[in-house]
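Visitor: I'm new to this one, and I'd like a close look at a single part rather than a quick tour of everything. Could you pick a spot and walk me through it?

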Amino acid sequence: MQEPLLRAEGLDYDTFPEVPASPGERERAGALQNRRVFLATFAAVLGNFSFGYALVYTSPVIPELKLSSDPALHLDKIQASWFGSVFTLGAAAGGLSAMLLNDLLGRKLSIMFSAVPSAIGYALMAGAHGLWMLLLGRTLTGFAGGLTAACIPVYVSEIAPPGVRGALGATPQLMAVFGSLSLYALGLLLPWRWLAVAGEGPVLIMILLLSFMPNSPRFLLSKSRDEEALQALTWLRADSEVHWEFEQIQDNVRRQSSRVSWAEAREPRVYRPVLIAVLMRFLQQLTGITPILVYLQTIFDSTSVVLPSQQDAAIVGAVRLLSVLIAAVTMDLAGRKVLLYVSASVMFAANLTLGLYVQFVPRPLTPNSTVEIATLGGTTFNYLTLIPLLATMLFIMGYAMGWGPITWLLMSEVLPLRARGVASGLCVLVSWLTAFVLTKYFLLAVNAFGLQVPFFFFSAICLLSLLFTGCCVPETRGRSLEQIEAFFHTRRMSFRP
């Protein structure tokens with residue numbers, strides 16, 4: 001018998017009856033029927049690649065523009081904080097628009113629409129001759145990122161079969177990480193204008209591939225386009241059991257053909273999954289991931305790391321990519337909650353280490369009789385300067401193994417179908433408004449109180465995330481979206497760990 005989503009009491013808990021796995025399900029990961037699902041997922045998550053690329057664009061660019069001899073492009077501390085944070089305002093606006101576009105245009109067309117502001121934004125930054133062009137370009141790429149952040153996880157979860165939904169649900173975060181790593185790597189080779197030009201490539205490829213992919217069968221059924229929905233599901237599965245799956249989805253959609261009313265929104269079966277998804281995105285940002293990524297090179301410059309800050313940023317990006325790959329492989333094996341526990345614990349240790357390092361280790365560090373030194377490439381360095389790099393790598397590893405990809409996946413899994421489009425947009429809106437506040441005031445807080453204070457705050461949030469996971473987050477591994485939604489209808493939920 002499967003473990004319940006959350007510990008429940010009594011004999012009436014039968015929301016998830018055990019279903020024997022068919023031979024086709026046991027071979028799902030390597031079956032021919034899933035190759036088209038993988039292709040459709042890849043086409044969609046190219047939008048996440050562009051999102052990850054745009055998110056950390058400022059990491060190598062801000063240090064370069066602070067040294068610019070062009071007065072129109074030279075950034076002071078206040079302008080740098082706006083350049084770093086305005087992306088999140090655009091992302092919040094993109095999440096807000098997704099509340100409408102997700103259900104109006106559909107998941108696929110909304111993703112394709114995001115290419116317009118993304119392409120314009122990169123073009124503005126590539127040809128910028130003033131601060132306003134940089135800020136506008138950054139805002140537009142943020143808008144595209146917020147829109148895709150709300151639409152892509154929903155699209156992927158709705159086209160993926162349960163057996164691989166966990167792995168495919170990690171691909172949006174995986175591609176976002178790969179996009180960030182690509183930016184860090186290219187930042188070692190290209191000037192900042194050409195970094196913006198390079199960002200146009202994935203956008204154009206995404207548009208081309210998505211033109212040949214089907215829309216979500218669940219969305220098509222919600223619009224009474226039953227024949228198109230059957231064709232889409234048949235193309236995605238190429239399976240003899242497609243009619244059985246189609247009838248299940250069709251029955252669930254028909255029972256939820258109307259929009260959620262305000263009266264229904266106050267019912268536990270609706271507000272509980274929405275509240276879980278929103279709070280997860282809120283806590284995800286409060287761990288400090290966005291300001292750390294946006295100001296990564298600035299943080300390394302302030303902590304006297306052993307290698308040049310650009311190389312350190314690229315190393316951290318590679319660690320982040322590896323960690324998301326691990327999460328993608330283990331998510332359907334270990335379960336969502338186990339990875340969330342591990343993730344929050346690792347992030348807590350890393351943030352606390354960074355805070356203590358900044359608090360107690362003097363800078364600049366010089367060789368002395370009490371601290372060992374070493375030589376790397378002819379350069380003498382203090383062993384303590386490895387701590388910021390290793391702690392940051394540990395933080396990124398912890399985030400990328402759990403609270404990074406799983407919050408996106410759970411958002412698309414637990415939200416009820418009737419509210420999925422609007423609620424996913426709400427999640428992204430809350431997430432990026434939180435990110436804006438953190439990113440905008442991170443440098444100001446550092447200047448006023450020191451770099452250690454934000455890291456101590458992030459450590460406390462990681463502890464809170466552990467408690468939230470134990471009390472409120474359901475385990476969704478191996479369940480269909482219809483089963484998960486049926487669970488919230490039972491009202492027999494225990495929020496005890």
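Guide: Let's take helix H5 and what surrounds it, and then step out to a few other places for context.

Keep in mind as we go that this is a predicted model. The protein has 497 residues, and 58% of them count as buried. Its chain forms 25 helices and 2 strands, and H5, our stretch, covers residues 107-113.

Start with leucine 109, which lies in helix H5. Is leucine 109 buried or exposed? Somewhere in between: leucine 109 has 41% relative accessibility, so it counts as partly exposed, given that the partly exposed range runs between 20% and 50%. Leucine 109 also has company on the outside. Together with Leu100, Leu104, Leu105, Phe113, Val116 and Ile120, it makes a nonpolar surface patch of about 620 Å². The patch draws on several helices: H4, H5 and helix H6 (115-126) each put in at least two residues. For scale, the accessible surface of the protein comes to about 20000 Å², and 66% of that belongs to carbon and sulfur atoms.

Now look at arginine 107, where a charged pair comes in. Arginine 107 forms a salt bridge with glutamate 158, and their closest N and O atoms are 2.9 Å apart. This pair links distant parts of the chain, with arginine 107 in helix H5 and glutamate 158 in helix H7 (residues 131-159), 51 residues apart. Both partners are buried. So helix H5 holds a partly exposed leucine 109 as well as a buried arginine 107.

How many salt bridges does a search of the whole structure find? It finds 2. The other pairing is between the side chains of arginine 225 and glutamate 228, at 3.0 Å from N to O. Here the surroundings read differently on paper: arginine 225, at 33% relative accessibility, counts as partly exposed, and glutamate 228, at 38%, counts as partly exposed too.

Next, follow the chain back past H4 to leucine 73, in the loop between helix H3 (58-66) and helix H4 (77-104). Leucine 73 counts as buried because its relative accessibility is 4%, and the cut-off for buried is under 20%. What is leucine 73 in contact with, leaving aside its neighbours within four places in sequence? The list is Leu65, Ser68, Ala128, His129, Gly130, Leu134, Trp192 and Arg193. Tryptophan 132 is worth finding as well: it sits 59 residues away from leucine 73 in sequence, yet their C-alpha atoms are 9.5 Å apart in space. Across the protein, residues 24 or more positions apart account for 83% of the contacts with a separation of 6 or more.

One last stop is the empty space inside. Rolling a probe the size of a water molecule over the atoms shows where space is left over. The count here comes to 3 cavities of 30 Å³ or more, and the largest cavity holds about 100 Å³. That largest cavity has 13 lining residues, with Phe51, Leu55, Gln173, Arg320 and Tyr399 lying nearest its centre. Helix H2 (35-55), helix H9 (171-187), helix H16 (268-286) and helix H17 (289-294) each supply at least two residues of the lining, and H17 gives the most, with 3.

Methods. Residues are numbered from 1 along each chain as its sequence is written. This is a predicted model: local features need pLDDT of at least 70, side-chain atom pairs count only at pLDDT 80 or more; totals for chains, interfaces and linings use all residues. Side-chain values use heavy atoms; hydrogens and water are left out. Helices (H or I, at least four residues) and strands (E, at least two) are DSSP runs, numbered from the N terminus. Buried means under 20% relative accessible area, exposed over 50%, partly exposed in between (1.4 Å probe, protein chains only). Contact means heavy atoms within 4.5 Å. Patches are made of residues with over 30% relative accessible area and no salt bridge: like charges are joined within 9 Å, nonpolar side chains (Val, Leu, Ile, Met, Phe, Trp, Tyr) within 5 Å. Accessible areas come from the Shrake-Rupley method with a 1.4 Å probe; for residues, only the protein chains shown count as cover. A salt bridge is a side-chain nitrogen of Lys or Arg within 4 Å of a carboxyl oxygen of Asp or Glu. On a 1 Å grid over the protein atoms alone, a cavity is a set of points where a 1.4 Å probe fits but cannot get out, and a pocket is an open set with protein on both sides within 12 Å along at least five of seven lines; lining residues have an atom within 4 Å of a point. Grid points are joined across faces, edges and corners, and a volume is the space filled by probe spheres set on the points.
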